[in-house]
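Dear colleague,

I am passing on the model we spoke about, and my notes on it follow below. Please read them with the structure open beside you.

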Amino acid sequence: MTSVPTPAPSRELSNPPSDGISNLRFSNHSDHLLVSSWDKTVRLYDASADVLRGEFMHGGPVLDCCFHDDSSGFSASADNTVRRLVFNHGKEDILGRHNAPVRCVEYSYSAGQVITGSWDKTLKCWDPRGASGQERTLVGTYAQPERVYLLSLVGNRLVVATAGRHVNIYDLRNMSQPEQRRESSLKYQTRCVRCYPNGTGYALSSVEGRVSMEFFDLSEASQAKKYAFKCHRKSEAGRDIVYPVNAIAFHPIYGTFATGGCDGFVNVWDGNNKKRLYQYSKYPTSIAALSFSRDGRLLAVASSYTHEEGDKPHEPDAIFIRSINEIEVKPKPKVYPNPPA
């Protein structure tokens with residue numbers, strides 16, 4: 001009988017935000033972690049050493065953040081600004097503005113641009129090498145069918161998810177119009193979208209406790225591979241209780257992925273084999289965001305109440321750093337039955 005390995009330890013970061021965590025992201029170059037929050041801050045941590053390296057105050061809740069490199073990053077705020085953060089000097093400047101809260105921000109290494117989506121129903125691209133000031137840094141503005149909720153990038157491909165379940169797919173080399181216009185295959189509001197690391201498609205989650213696995217290639221063979229599955233739900237007294245799926249994070253080595261829901265659970269999935277690989281012990285409250293480190297050794301988990309049940313007493317916001325065992329994230333090989341003799 002083989003013994004099941006015990007899960008690797010999870011530890012809590014010191015000095016967490018004091019209000020809802022909107023996102024967290026590991027650097028592509030180190031174990032630095034950038035965290036945006038409704039308490040109007042962006043915090044920079046060394047996740048391995050549990051050290052708060054920097055803190056930036058904004059004029060309103062911060063709805064998203066991302067790295068440029070280990071010396072700088074960008075943030076999206078409800079005060080309608082897009083900001084550049086310079087970590088080593090503790091400085092920031094305003095890269096540009098939208099006409100409504102800025103919901104999401106990404107940095108494209110292939111295009112060398114910052115991309116922001118706003119509730120003003122536009123997508124904007126910025127060149128951070130320009131001097132400060134909107135007229136010098138704005139590359140383009142692109143109208144969207146509804147308020148922009150989410151962005152995800154892989155290579156030159158950008159996926160934009162908006163209110164009304166719209167999904168626009170762009171090629172960053174030609175932003176004049178979307179390469180594809182789609183509607184979410186899930187029935188209810190989109191909560192997260194993340195591109196596959198191999199660039200072939202994206203995973204999309206919604207408030208109804210489902211995740212859909214989508215492919216960019218429009219050929220019949222590729223579209224036949226797409227599917228959706230139920231998760232983050234439980235049966236109680238004969239009825240299904242369904243939880244929003246707020247977060248998706250792909251493992252950078254194995255391409256498996258973690259989901260986090262309002263049920264306080266984090267699940268790890270093998271999308272190719274349509275199997276759940278692991279479920280971690282329940283966290284204190286809703287999972288608001290997830291991020292794997294660049295080498296897949298660490299998983300950052302934002303345990304932060306997302307107000308799906310309105311204002312009520314809840315556990316304080318916390319960031320957990322989990323060391324990852326290979327057994328939790330590595331796909332298991334398919335076992336084929338022996339052919340009859």
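Helices (at least four residues) and strands (at least two) are taken here as DSSP runs and numbered from the N terminus, and in that scheme Lys-40 lies in the loop between β3 (32-37) and β4 (41-46). Please keep in mind throughout that this is a predicted model.

I begin with that loop residue and a second lysine. Most residues other than glycine have a negative phi. Lys-40, although not a glycine, has a positive phi of about 75°, and with a relative accessible area of 36% Lys-40 is partly exposed, because buried means under 20% and exposed over 50%. Lys-121, again not a glycine, has a positive phi of about 65°; Lys-121 is found in the loop between β11 (113-118) and β12 (122-126), and its relative accessible area of 38% makes Lys-121 partly exposed.

Lys-40 also appears among the contacts of Val-62, a residue placed in strand β6. Val-62 is buried, with a relative accessible area of 0%, and, leaving aside residues up to four places away in sequence, Val-62 touches Ser-22, Ser-36, Ser-37, Trp-38, Lys-40, Thr-41, Val-42, Ser-75, Ala-76 and Ser-77. The C-alpha atoms of Val-62 and Val-35 are separated by 9.3 Å, with their positions 27 residues apart along the chain.

Turning to the aromatic residues, the structure holds 13 aromatic pairs. One of these is formed by Phe-74 and Tyr-107, which are stacked at 5.9 Å centre to centre with 20° between the planes. This pair links distant parts of the chain, since Phe-74 belongs to strand β7 (residues 72-77) and Tyr-107 to strand β10, 33 residues apart. Phe-74 is buried, with a relative accessible area of 1%, and Tyr-107, at 12% relative accessibility, counts as buried. Another pair, Tyr-202 and Phe-216, is tilted, at 5.8 Å centre to centre and 40° between the planes; here the link runs from Tyr-202 in strand β19 (residues 201-206) to Phe-216 in the loop between β20 (210-215) and α2 (220-223), 14 residues apart. Both Tyr-202 and Phe-216 are buried. Separately, one aromatic cluster is formed by Tyr-196, Phe-215, Tyr-227, Phe-229, Phe-250, Phe-257 and Trp-269.

Next comes the pocket. The largest pocket has a volume of about 900 Å³ and is lined by 32 residues, of which Arg-25, Asn-28, Glu-106, Leu-153 and Arg-194 lie nearest its centre. The elements that give two or more residues to this lining are β2 (21-26), β6 (62-69), β10 (102-108), β14 (148-154), β18 (190-195), β24 (245-250) and β28 (287-292). By class, the lining has 18 nonpolar, ten polar and four charged residues.

Finally, there is the database record. An unreviewed UniProt entry carries the annotation "repeat: WD" for residues 95-127 and 245-279. In the model, residues 95-127 are 0% helix and 64% strand, with the end C-alpha atoms 9 Å apart, while residues 245-279 are 0% helix and 60% strand, with the end C-alpha atoms 14 Å apart.

With best wishes

Notes. Residues numbered from 1 in each chain as written. Predicted model: local features only at pLDDT ≥ 70, side-chain atom pairs only at ≥ 80, totals over all residues. Heavy atoms only, no water. UniProt positions renumbered as here; feature names shortened; annotations may be inferred. 1 Å grid on protein atoms, 1.4 Å probe; cavity = no way out; pocket = protein on both sides within 12 Å on 5 of 7 lines; lining within 4 Å. Points joined across faces, edges and corners; volume = space filled by probe spheres on them. Nonpolar A, V, L, I, M, F, W, Y, C, P; charged D, E, K, R; others polar. Buried < 20%, exposed > 50% of the residue type's maximum accessible area, 1.4 Å probe, protein only. Contact = heavy atoms within 4.5 Å. Phe/Tyr/Trp six-rings, centres within 6.5 Å; stacked < 30°, edge-to-face > 60°.
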